[in-house]
Amino acid sequence: MKETLQIGIPCGRNSERFVEFLINTIDRTVSEEYVIKYIFGINQKGVDEQFLKNITTKYEKKIVVLDLLLGGAGTSNGHGDCLNLIFQTMNSKYGMVIDSDTAFLFKGWDKKLISLLKNGTAIIGTEYGIDQERYMGSPNAIMSLFLVNELRRTGLSWRPRTNKSGSLSALDITDENYQIYGRRPGDRILLDTSCEIPERLHEFGYSGIAMTLVSPRIDKSKIKFMKEGMRGEEYQLEGAPVLTHLGRSLTRNFHSNPAAKAWTTRVDEWLKNT
């Protein structure tokens, strides 16, 4: 009998068509060796729930809604709460959380990534960029695929850590913690959504695999999917692009925003030619 992979997608305002596009790329690239089940998490007022229900896919869909929906701009706390709700809903062996403004590029990515969840590796996913004030060397909430029970055993919360003013808390990297957070002593990082992943893995003796962020803004020589001038990034595993992330979907119109149009066009072109 096939194992199930539950895919959780936080859905804020303006995300609906990005979600539809993401699901289209998932349906086109999965190996079909696993039962796919989607979980849409709604954390903001104004999300078109009916649109999400009507998205065409051959896989099962489920919608979960936070008790307190946020208005206005999205927040890291709201995102973390939505991820926690999705995570708590999961009851399969394999789970995944992923941002709505992403797309898969690698055919059979599910089989490839799941094959790496062994020998103490509990999670694989996207890495932050070296130009961002975040941890390195461990997956983050843009996309993470994991062993549900193992990750739940750590007590992981996806929420960020904030100070009294509501801003993200900062952490100084020292000789004692630099190996956990993948930065150099003397660096300072912000504890954004999913910031507990490195410390929880370390505490419970698990490891994680982080797929390298490649972007024209960092190193043009390494890009394979992205084109110079495009917004966003690609994430590579063993030199192959696995998925791409546009970013800023809350403020980008899916149909008319130039960056979104260039990105979706490039994704379609890539999938047709690979």
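Student: Is S15 buried or exposed in this model?
Tutor: Keep in mind that this is a predicted model. S15 sits in the loop between β1 and α1. Its relative accessible area is 3%, and the cut-off for buried is under 20%. So S15 counts as buried.

Student: How far is S15 from S221 in space?
Tutor: Along the chain, these two serines are 206 residues apart. Going from C-alpha to C-alpha, the separation of S15 and S221 is 31 Å.

Student: What about N14: which class does its accessibility put it in?
Tutor: N14 is also found in the loop between β1 (4-11) and α1. Its phi is near 75 degrees, a positive value in a residue other than glycine. The relative accessibility of N14 is 29%, and the middle class lies between the 20% and 50% cut-offs. That is why N14 counts as partly exposed.

Student: N119 has a positive phi as well, so where does it lie, and is it buried or exposed?
Tutor: Phi of N119 is near 55 degrees, and this residue isn't a glycine. You'll find N119 in the loop between α4 (109-115) and β6 (121-126). With 77% relative accessibility against a cut-off of over 50%, N119 counts as exposed.

Student: Okay, on to helices. How do the directions of α1 and α8 compare?
Tutor: Helix α1 covers residues 16-29 and helix α8 covers residues 258-273, and their axes are 12 Å apart. The angle at which they pack is about 10 degrees. Angles under 35 degrees fall in one class, which makes α1 and α8 roughly parallel.

Student: Which residues make that contact, and how many of them are charged?
Tutor: From α1 you get F18, F21, T25, R28 and T29, while α8 brings A260, W263, T264, V267, D268, L271 and K272. Sorted by class, the contact has six nonpolar and three polar residues. The number of charged ones is three.

Student: What span should α8 have from its number of residues, and what is the distance between its end C-alpha atoms?
Tutor: α8 has 16 residues, and at 1.5 Å a residue that should give 22 Å. The model agrees with this, because the end C-alpha atoms of α8 are separated by 23 Å.

Student: Where around α8 are its buried residues?
Tutor: The buried ones are A259, A260, W263, T264, R266, V267, W270 and L271. An α-helix has 3.6 residues a turn, so residues three or four places apart point the same way. Here the buried residues span an arc of only 160 degrees around the axis, so they sit on the same side of α8.

Student: And which residues of α8 are exposed on its other side, and what do the buried ones pack against?
Tutor: Over on the other side, the exposed residues are P258, T265, K272 and N273. The buried residues of α8 pack against α1, β5 (102-104) and β12 (240-245).

Student: How enclosed is α3?
Tutor: Helix α3 runs over residues 76-89 and reaches 20 Å from its first C-alpha to its last, close to the 20 Å expected. Its buried residues are G78, H79, G80, C82, L83, N84, L85, I86, F87 and T89. That's ten of 14 residues, so α3 is largely enclosed by the rest of the structure.

Student: Which residues does K93 touch, apart from its neighbours within four places in sequence?
Tutor: K93 lies in the loop between α3 and β4 (94-98). With a relative accessible area of 41%, K93 is partly exposed. The C-alpha atoms of K93 and L147 are 6.0 Å apart, although 54 residues separate them along the chain. Leaving those neighbours aside, the contacts of K93 are E3, T4, F146, L147 and V148.

Student: Is E196 buried or exposed, and which residues is it in contact with beyond four places in sequence?
Tutor: E196 is in the loop between β9 (188-190) and α7 (197-204). At 9% relative accessibility, E196 counts as buried. Beyond its sequence neighbours, E196 is in contact with G155, L156, S157 and R161.

Student: Last one: in α7, which residues are buried, and what covers them?
Tutor: The buried residues in α7 are I197, P198, E199 and L201. Their cover includes β6, β7 (143-147), α5 (148-153), α6 (178-181) and β10 (207-214).

How values were computed
Residues numbered from 1 in each chain as written. Predicted model: local features only at pLDDT ≥ 70, side-chain atom pairs only at ≥ 80, totals over all residues. Heavy atoms only, no water. Axes fitted to C-alpha atoms, helices over the stretch in contact; angles between N-to-C directions. Helix = DSSP H or I, 4+ residues; strand = E, 2+ residues; numbered from the N terminus. Parallel < 35°, antiparallel > 145°, perpendicular 65-115°, else oblique. Contact = heavy atoms within 4.5 Å. Nonpolar A, V, L, I, M, F, W, Y, C, P; charged D, E, K, R; others polar. Expected span 1.5 Å × (residues − 1). Buried < 20%, exposed > 50% of the residue type's maximum accessible area, 1.4 Å probe, protein only. Arc of directions from axis to C-beta.
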